[in-house]
Amino acid sequence: MVEIDLLTVEDRVRLLVNALADDRNPMPAVKIFSPDAGATWLLTESDPDEPDRLFGLCDLGLGYPELGWVSLAEIMKVRGPLGLPVERDLHFIADKPISAYAAEARARGRIVA
């Protein structure tokens with residue numbers, strides 16, 4: 001299944017742990033991006049009742065990044081002009097909480113991570 005390749009078991013565990021923790025300003029657990037469309041998602045948690053439903057900072061490359069819930073199935077359907085699928089950033093390591101990424105993204109009009 002493609003979703004298993006996009007999110008590792010470790011990613012899914014971290015997303016669930018963040019959802020169950022009291023911390024309302026967690027560090028992003030995973031970064032997903034479209035290599036040819038400028039879309040980026042910094043995901044912090046998953047819905048314990050619906051693992052396909054994820055929360056994080058979402059940027060579709062239109063200059064208006066925002067925090068919100070997204071569907072992994074919907075993200076998986078995103079394709080850019082070259083038809084490339086979304087990818088997990090294998091080298092991303094969060095160095096600040098999601099609120100700091102969100103503030104920076106609002107100021108710059110895009111996610112910088």
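In this predicted model, the largest nonpolar core is built from 16 residues, and those with the most contacts inside it are Leu 7, Ile 32, Trp 41, Leu 43, Leu 54 and Val 70. Strand S1 (30–33), strand S2 (40–47), strand S3 (50–59) and helix H3 (72–77) each give two or more residues to this core. H3 gives the most, with three residues. Apart from this core lies another one, of nine residues, with Leu 42, Leu 57, Ala 94 and Tyr 101 among them.

Leu 54 makes a handy place to start looking around. Leaving aside residues up to four places away in sequence, Leu 54 touches Leu 7, Leu 15, Leu 43, Glu 45, Ser 46, Gly 68, Trp 69, Val 70 and Leu 72. One of these, Ser 46, stands opposite Leu 54 in S3.

Now for the strands themselves. S2 and S3 pair in the antiparallel sense over seven bridges, forming a hairpin with just two residues between them. On to strand S4 (residues 66–71), which pairs with S3, again in the antiparallel sense, over six bridges; here Phe 55 stands opposite Trp 69 in S4. S3 and S4 form a hairpin too, with six residues between them, and Gly 61 in that turn has a positive phi of about 80°.

That leaves helix H2 (residues 9–20). Its twelve residues reach 17 Å from the first C-alpha to the last, close to the 16 Å expected at 1.5 Å a residue. Asp 11, Leu 15, Asn 18 and Ala 19 are the buried ones in H2. They sit on the same side of the helix because they cover an arc of only 100° around its axis. Turned away from that buried side is a face with the exposed residues Val 9, Glu 10, Val 17 and Leu 20.

Notes. Residues are numbered from 1 along each chain as its sequence is written. This is a predicted model: local features need pLDDT of at least 70, side-chain atom pairs count only at pLDDT 80 or more; totals for chains, interfaces and linings use all residues. Side-chain values use heavy atoms; hydrogens and water are left out. Helices (H or I, at least four residues) and strands (E, at least two) are DSSP runs, numbered from the N terminus. The expected span of a helix is 1.5 Å times one less than its number of residues. Buried means under 20% relative accessible area, exposed over 50%, partly exposed in between (1.4 Å probe, protein chains only). The arc is that of the directions from the helix axis to the C-beta atoms. A nonpolar core is a set of buried Ala, Val, Leu, Ile, Met, Phe, Trp, Tyr and Cys residues joined through side-chain atoms within 4.5 Å. Contact means heavy atoms within 4.5 Å. Two strands pair if DSSP finds at least two bridges between them.
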